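Visitor: I have a few questions about this one. Can we go through them?

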Amino acid sequence: MFDKLETVEARYEELTKMISDPEVIANQAEWQKLIKEHNSIEEVVQKYREYKKEKQRMEDAKELMQDPEMKELAEIDYYEAKEKIPHIEEELKILLIPKDPNDDKNVICEIRGGAGGEEAALFAGTLFRMYSMYAERKHWKIEILNENETELGGYKEISFMVTGKGAYSRLKFESGVHRVQRVPDTESSGRIHTSTATVAVLPVVEDVEIDINPADIKMEVFRASGAGGQHVNKTSSAVRLIHEPTGITVECQTERSQLQNREYAMKMLRSRLYNIEKEKQDSEIASARKTQVGSGDRSEKIRTYNYPQGRITDHRIGMSIFQMENFLNGDIDEMLDNLAAADRAERLNDTSGITLIALVVTIVVILILAGVSLRTLSGKDDLLNNTEQAKELTENRDEKEQLNIAVTEAMTLNKWGEVTKENLQNELDKNIGQDNYTLTGEGPYTIIFKKSDKRYEVTIKGEIK
């Protein structure tokens, strides 16, 4: 781990110099790329430097403890540093988990009413209010890009951009189907209804990250609807962009200027196309993650808001919070913190999984070197279920390993890749010792280990029986 940290720190120092180089700054696309990389490893480097500082503090205190006058103060310093170091090491392990490259980006959030008609649209409005209040707590900026409001004040759909540091790292966990169970304002008999709204959180993508052919985009302009006075209805300021290769359609009508609406619509389009490419890449590497938003069916949900019980339950981590009012007023950090922790644990398990695969491969190689065929391992006479064979393997592990090495060397000495008696005898002498075995036969060859009296047969093809 520490070798890797040294490499990261060296890269950080290299990037620090590069981003101050006037020639690099002149190339804005390259400079922005380097700035992002610099920012992405800054936290790891600072934490590693803190670790080295505490290690040095402990070493210095250890030396001072030899001085009777300084011993008491030095001991305090020593044990304080000693106590902090394990905690810093754990933090470093977490920081070294591969980071989502989109975490520092702004987001485009899309909320749509799902199953439940007017009640679903009202719930979509509730969710928008919740995210708006959360953004206010974080001092983030919200800009509405497109909205389709209902008569009762809900939203059939609403798209908005959230601008602020780490917006995607927090809000990405909100993607999915949200289910609400409550008595709607439109219900006269007091019956509890179940409705849903879908939330999609997309990272805002810069021009340099995804290339869109202008010829693939069809642009339509129309008169905006909704609040905004006479200007909204009299000018064709609203913009609709259609990406013909994929059929994706985006609209923006909130700005008075057609140019501004087109700019925001392009951001939405880039984010959607980027998301498609990202999902495609995830599937190619066999990612277990599902598509962000399902069909909006009541059975597909990531979170349930149960009003009668005052309960919010996230079904991905099995966590429930019984503070409905606070939660809907934007106090959602506790839930997001737990989702982030679960995500880190999952990625840590993925990393551990790679180590486990490496371990399994190593075990298989050792078994092969020990002369155990993979066919035997997978057959009905499975080694793990055969106590006698397993015992024999353990008792004769060194002999078989030495024999396998000798046979392999004997084969490599022959250009035809076969085992000759002369080559085999020479290699057995080197690896086992000429006084520790007897060799008979002309192919197959019989080797008897004198110490254990075990007998093995080696074919000219190098098979050990």
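Guide: What follows covers salt bridges and then one strand residue. This is a predicted model, where local features need pLDDT of at least 70, side-chain atom pairs count only at pLDDT 80 or more, and totals for chains, interfaces and linings use all residues. Residues are numbered from 1 along each chain as its sequence is written, and side-chain values use heavy atoms, with hydrogens and water left out.

Visitor: How many salt bridges are there?

Guide: The count is 26, taking a side-chain nitrogen of Lys or Arg within 4 Å of a carboxyl oxygen of Asp or Glu.

Visitor: What does E37 pair with?

Guide: E37 bridges to R11, with the closest N and O atoms 2.8 Å apart. E37 lies in helix α3 (residues 28-64) and R11 in helix α1 (residues 2-18), so the pair ties together parts 26 residues apart in sequence. Helices (H or I, at least four residues) and strands (E, at least two) are DSSP runs, numbered from the N terminus.

Visitor: And R272 with E110, buried or exposed?

Guide: R272 and E110 are both buried, meaning under 20% relative accessible area, with exposed over 50% and partly exposed in between (1.4 Å probe, protein chains only). Their salt bridge is 2.9 Å, N to O. R272 is in helix α8 (residues 258-284) and E110 in strand β1 (residues 107-113), so parts 162 residues apart in sequence are tied together.

Visitor: Switching topic, where is E149?

Guide: E149 is in strand β2 (residues 141-149), and at 48% relative accessibility counts as partly exposed.

Visitor: What does E149 touch?

Guide: Leaving out residues up to four places away in sequence, E149 touches G154 and Y155, where contact means heavy atoms within 4.5 Å.
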